[in-house]
Amino acid sequence: MTDAPAPDPNDVAPAVAELETIVSLSKRRGFVFPSSEIYGGINAVWDYGPLGVELKNNVKRAWWRAMVQERDDIVGLDAGILMHPQVWRTSGHVAEFSDPMVECETDHKRFRVDELPGAEDLGPAELLDPGIVARLGLRCPVDGGPLSAPRQFNLMLKTYLGPVEEEAAIVYLRPETAQGIYVNFKNVLATSRKKLPFGIAQIGKAFRNEISPGNFVFRMREFEQMEMQYFVRPEAASAIFEEWLPRRRAWYERYGVTPSRLRFREHRPDELAHYAKKAIDVEYRFPFGWKELEGIHNRGDFDLGNHARASGENLQYFDPATEEHFIPWIVETSAGGDRAPFTFLIDAYREEEVRGEKRVSLALHPDLAPYKVAVLPLLKKRPEIVDLCHKIKADLQRHTMAVYDDTAAIGKLYRRQDEIGTPWCVTVDVDSLEDGAVTVRDRDSMAQERIPLEGVTRLILDRLDAARAEAG
Ligand code: ATP
């Protein structure tokens with residue numbers, strides 16, 4: 001008797017088969033719009049609509065709560081997007097932050113070599129090998145035309161600071177938020193009086209002139225990062241790096257991502273970025289394959305060491321217990337402020353048949369849902385019902401995101417709220433005017449319960465608290 005082969009953990013179906021399902025829901029319901037659409041759009045920039053901005057802010061708040069608010073060892077920062085240009089020379093970005101690129105000789109489109117079919121697994125040296133195009137028979141994926149030899153393409157966007165557009169005035173739009181943390185290490189250490197190990201967290205915009213952007217908000221040229229740099233004693237770095245792996249994975253799971261659609265992938269030695277001693281990506285099974293959601297890196301003393309040498313500042317830490325002076329090592333968790341909401345959105349998508357009709361719902365964690373509660377009238381022609389709805393909604397609004405909607409019949413109103421992930425609906429009907437009770441409907445189970453009017457706000461807030469405690 002032979003044992004059945006063990007199931008392949010990488011063989012996991014995505015939550016939605018087609019990315020288009022999420023793109024069209026996002027457009028239709030106001031989560032994400034193409035930037036500058038009335039002028040034909042601008043490639044790789046997307047705008048968050050009324051629901052998208054709520055979802056994104058909720059994700060950023062959840063990250064901040066887990067990484068700053070609930071920890072005594074991590075403090076926050078909000079550094080400028082523009083920085084002294086020397087920062088990017090010292091960090092290695094001017095010399096190293098580039099991707100090997102080829103250009104099609106007929107349609108002049110440019111591609112990242114490692115994204116061409118057949119070149120995905122090449123190491124960095126092969127990606128820049130002048131003979132690689134001929135050897136692998138690589139052709140333009142759009143029109144099949146011949147491709148140039150690879151060359152390095154720097155991903156940093158530049159602009160000019162001040163009134164004169166000259167070389168000396170060039171500054172870069174930061175390609176990562178991390179550098180703002182390193183250059184403030186001394187300031188934060190002196191003012192927060194933290195002892196190692198401690199971290200600095202930051203959420204903010206970053207810009208990369210990506211050669212092959214795409215897959216909706218997955219790879220953009222303007223995006224957000226949620227980064228945390230944890231400063232540690234050198235000998236503690238390896239163990240602390242390992243501690244952050246399950247912690248960061250658990251954060252996605254707590255907020256609803258299906259565990260089997262998450263995995264870790266360690267970078268091969270030839271793949272490691274110039275600053276990294278070890279790097280492990282948290283990957284998610286997107287509809288277009290397993291892709292990076294977050295990077296966790298052991299950066300050694302690369303950053304503070306180089307900034308200390310280039311600036312002449314003393315960036316050492318003094319340990320009063322051992323009386324040693326040394327440059328701390330850094331363990332970094334670098335998550336995407338767009339990839340994370342995108343992942344929660346994809347993983348929450350549900351389609352089912354209810355009474356012969358397709359029901360689409362977003363089973364978003366209540367803490368992440370754009371609206372927590374919708375207050376709906378059963379009969380919008382009865383002013384007393386509408387008035388009561390507005391009173392209930394106004395009371396809820398003092399505490400949380402609540403909306404009123406009367407633009408359709410109740411069945412349709414429920415479906416609309418399901419499709420945008422609103423966890424609860426409160427319905428006021430004719431009986432409510434007599435018995436002072438309303439119906440509370442649950443998004444996921446569709447169960448309805450009748451509760452006294454005065455208890456509505458308390459009930460919703462208790463449920464939100466309970467959901468948050470589960471995620472805590
Ligand atoms: P990739 O391999 O996908 O290009 P990366 O390894 O360059 O990503 P990092 O430099 O580690 O990414 O950036 C940390 C995080 O920032 C990523 O895990 C991702 O969530 C986010 N991120 C990076 N580049 C982009 C982008 N172009 N658009 C959206 N998010 C991005």
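How far is an oxygen atom of the ligand from a polar backbone atom of Gly336? Select Gly336 and the ligand together: the distance is 3.1 Å. The protein buries 86% of the 600 Å² that the ligand exposes when taken alone. Keep in mind that this model is predicted.

Now select the secondary structure elements around the ligand. Strand 10 (222-232), strand 13 (289-300) and strand 16 (329-336) are the elements that each give two or more residues to the shell. Strand 13 supplies the largest share, five residues.

Next, show the whole shell, which has 17 residues. Colour the shell by residue class: five of its residues are nonpolar, five are polar and seven are charged. Then pick out Glu210, Arg219, Met220, Glu292 and Ser334, the residues that come nearest to the ligand.

Stay on Glu292 and display its side chain. An N or O atom there is 2.7 Å from an oxygen atom of the ligand. Then select Arg208, where a polar side-chain atom lies 2.9 Å from a ligand oxygen atom.

Leave the ligand and go to helix 13, residues 410-419. Which residues of this helix are buried? Select Leu413, Tyr414, Gln417, Asp418 and Glu419 to see them. When looking along the helix, recall that an α-helix has 3.6 residues a turn, so residues three or four places apart point the same way.

The last stop is Gly421, just after helix 13. The backbone of Gly421 takes a positive phi of about 85°.

Key:
Residues are numbered from 1 along each chain as its sequence is written. This is a predicted model: local features need pLDDT of at least 70, side-chain atom pairs count only at pLDDT 80 or more; totals for chains, interfaces and linings use all residues. Side-chain values use heavy atoms; hydrogens and water are left out. Buried means under 20% relative accessible area, exposed over 50%, partly exposed in between (1.4 Å probe, protein chains only). Helices (H or I, at least four residues) and strands (E, at least two) are DSSP runs, numbered from the N terminus. A residue is near a molecule or strand if one of its heavy atoms lies within 4 Å of it. A polar contact is a pair of N or O atoms within 3.5 Å; within protein, one must be able to donate a hydrogen and the other to accept it, and residues adjacent in sequence count only if both atoms are side-chain atoms. Accessible areas come from the Shrake-Rupley method with a 1.4 Å probe; for residues, only the protein chains shown count as cover. Ala, Val, Leu, Ile, Met, Phe, Trp, Tyr, Cys and Pro count as nonpolar, Asp, Glu, Lys and Arg as charged, and the others, Gly among them, as polar.
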